[in-house]
Amino acid sequence: MSWKMFRQFPQLLSGSVYSLTGNRLLDIGLCGIIASIIDLDHFYAARSFSLKAATSLDRRPPLHCTSFWLVLLSLALVSSKNINFYNVESGGNVVLDTITEAWVNEKLSPEILPHKADFIEVMMEQIDQMEENVLQLQKTDLRSIIHRQELERIRYLIRSYLRTRLDKIELYSLWVFKNQGVLSPQELVYLKEYLSLSVAPLKNLCDRMPGPCGQINPRQMEIAPDLETHVFAKSKVDLPDTIIVNDGPREEEITINKDSQRIVPYASIREYVRNNQIKLI
Amino acid sequence: MMNTAEIEFLAEQEEVTIIPKFTDQRVVHLIAGDIGPFRAGIPCVVPIWVAKTLRKKQKCKIVAPEWLDIDLLELKLEEEKASRFFTQMPSEHYMGIAHLLLSDDSDIEHADRLRLAIKNIWDVRVAKARASADTFLRGGGRHAGIDYLTQLEICNLRPLLLDALDTKYRLSAPLENFSALNTSVAGSSSLSQSFSSASSSRRSQ
């Protein structure tokens, strides 16, 4: 009986740790080893190394106390449930949703938005881990096909997101250089290299040109995103303040409720997009 | 700018019910969440892209979502016709999902009629969107409510409407608010933008 119970316990324990691998061999091995180790207390109770003394005890050795293991077992059960819940609800889903939303916003906003490098990093780690796990599956296994397809989809998402940002960095290079806060460290390196390769030589060339070209300064070469451009926006929350739309000499105030959709100038909702209260659609 | 393929990518993340033709008791731990276990004949909810993959391998039958029903869609069409505003659609990606599920070898019955019904609703909505965009442009103003307009419809409307709005704003805006040299818009709209800034500066002279 003890064998059976101890076989289940590590399975739960390892089940919660290796729930993604589904590696049954490891489970079975662990069960065997742990169950055997527990029987070592026979020797402890008998205070002798002889097998005979160990198998003919008059009382139960300390580690064979069932109630202790039952309590531990139920604790493990509860905690493994919690761990799984945590993984599904706040691990994969939220990060993926955040990246998807950031991707759409980045695609639709005129300016470059604050980076989400920490989310990307978490997702890349998950992808790496998942890739290792998938390697252990057989290639023809249906699950392997689905996993591979999901990895491809997420990689596409991340690639497209980063590429959109790089496009904006190249287009608005000098303007972005003045507003570096939105860039991730890697993007900043890219921007600096891009500037030294593109803008600096252009300026050198202009310096030698006669006429108006010779007097060009960096400010004139700068391309700034047009924040007055219009966007389609959807609010994720009831906004506490009204937003102000400048229309020539007039100013208009609008209240925005949760889930309402509007066409508005980007400049009016810029702050809300940057802190994720409004998303672009 | 988003294109229709990218919006279809988002639609593929929506969920759909399938009836598997195989049994696999193991839960598949996807990054986006768990799916399964699959039991032959027992319905089970998966993302559409999984359903499409399984379907391609003849491993499942796709069940139409509740709203993909001829009678319901016809009611919806009447409601859409009767209302001045956009009505709420049963799904944010109704067109994308219908397009994905009603392919040529679809499991769903009356695929042709369903496609037609969806297309009718789409036509009414897009016509309405064009008409209100026209009124909006004529009427002036820089903002408008577009509740319940879905992403694909917006995508259909976006290039023309936003460009027109931007151009109109630049033509009417006080000159000190922008400098033609320092402003640019990414991609395709830059051409019309340079046109608009050129014409506005000519006007000011």
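**Entry 1: a strand pair across the chains**

I began where the two chains meet: strand β5 (residues 261-265) of chain A is joined to β6(B) by two bridges, and the strands run antiparallel. A note to self before going on: this is a predicted model. Looking for who faces whom, I found Ile263(A) opposite Ala144(B) in β6(B).

**Entry 2: the whole sheet**

I then followed the pairing outward. The sheet is open, with four strands in the order β6(A)-β2(A)-β5(A)-β6(B), and the pairing is antiparallel. Which strands stand at the edges? They are β6 (278-280) of chain A and β6 of chain B; each has a single partner strand, so one side of each is left without a neighbour in the sheet. I also checked what lies across the sheet strands: α6(B) lies across β2 (230-235) and β5 of chain A, at about 125 degrees to β2(A).

**Entry 3: the cores**

Next I looked up the nonpolar cores. The largest has 79 residues, and those with the most contacts inside it include Met123(A), Ile269(A), Ile18(B) and Phe38(B). Apart from that core lies another, of 15 residues, and here I met Ile263(A) and Ala144(B) again, along with Phe86(B) and Ala129(B) among its members. I picked Ile269(A) for a closer look: leaving aside neighbours within four places in sequence, its contacts are Val231(A), Ala233(A), Ile243(A), Val264(A), Ile278(A) and Leu280(A).

**Entry 4: helix α9 of chain A**

How far apart are the end C-alpha atoms of helix α9 (residues 185-207) of chain A? I found 32 Å, which agrees with the 33 Å that its 23 residues should span at 1.5 Å a residue. There is a bend all the same, of about 35 degrees at Leu195(A). Leu195(A) is also among the buried residues of α9(A), with Glu187(A), Leu191(A), Val199(A) and Cys206(A). A reminder for reading that list: an α-helix has 3.6 residues a turn, so residues three or four places apart point the same way.

**Entry 5: backbone oddities in chain B**

Most residues other than glycine have a negative phi, and most peptide bonds are trans, so I went looking for exceptions.

- Gly36(B) and Pro37(B) are joined by a cis peptide bond, with omega about 0 degrees; Pro37(B) is in the loop between β3 (33-35) and β4 (44-47) of chain B.
- Gln58(B) has a positive phi, near 60 degrees, and sits in the loop between α2 (48-56) and β5 (60-63) of chain B. Gln58(B) counts as exposed because its relative accessibility is 52%.
- Tyr148(B) has a positive phi too, near 70 degrees, in the loop between β6 (144-145) and α6 (151-172) of chain B. With a relative accessible area of 42%, Tyr148(B) is partly exposed.

Note on methods: Residues numbered from 1 in each chain as written. Chains lettered and ligands numbered in written order. Predicted model: local features only at pLDDT ≥ 70, side-chain atom pairs only at ≥ 80, totals over all residues. Heavy atoms only, no water. Expected span 1.5 Å × (residues − 1). Bend = angle between axes of the 7 residues up to and from the residue. Buried < 20%, exposed > 50% of the residue type's maximum accessible area, 1.4 Å probe, protein only. Core = buried A, V, L, I, M, F, W, Y, C linked by side-chain atoms within 4.5 Å. Contact = heavy atoms within 4.5 Å. Pairing = 2+ DSSP bridges. Axes fitted to C-alpha atoms, helices over the stretch in contact; angles between N-to-C directions.
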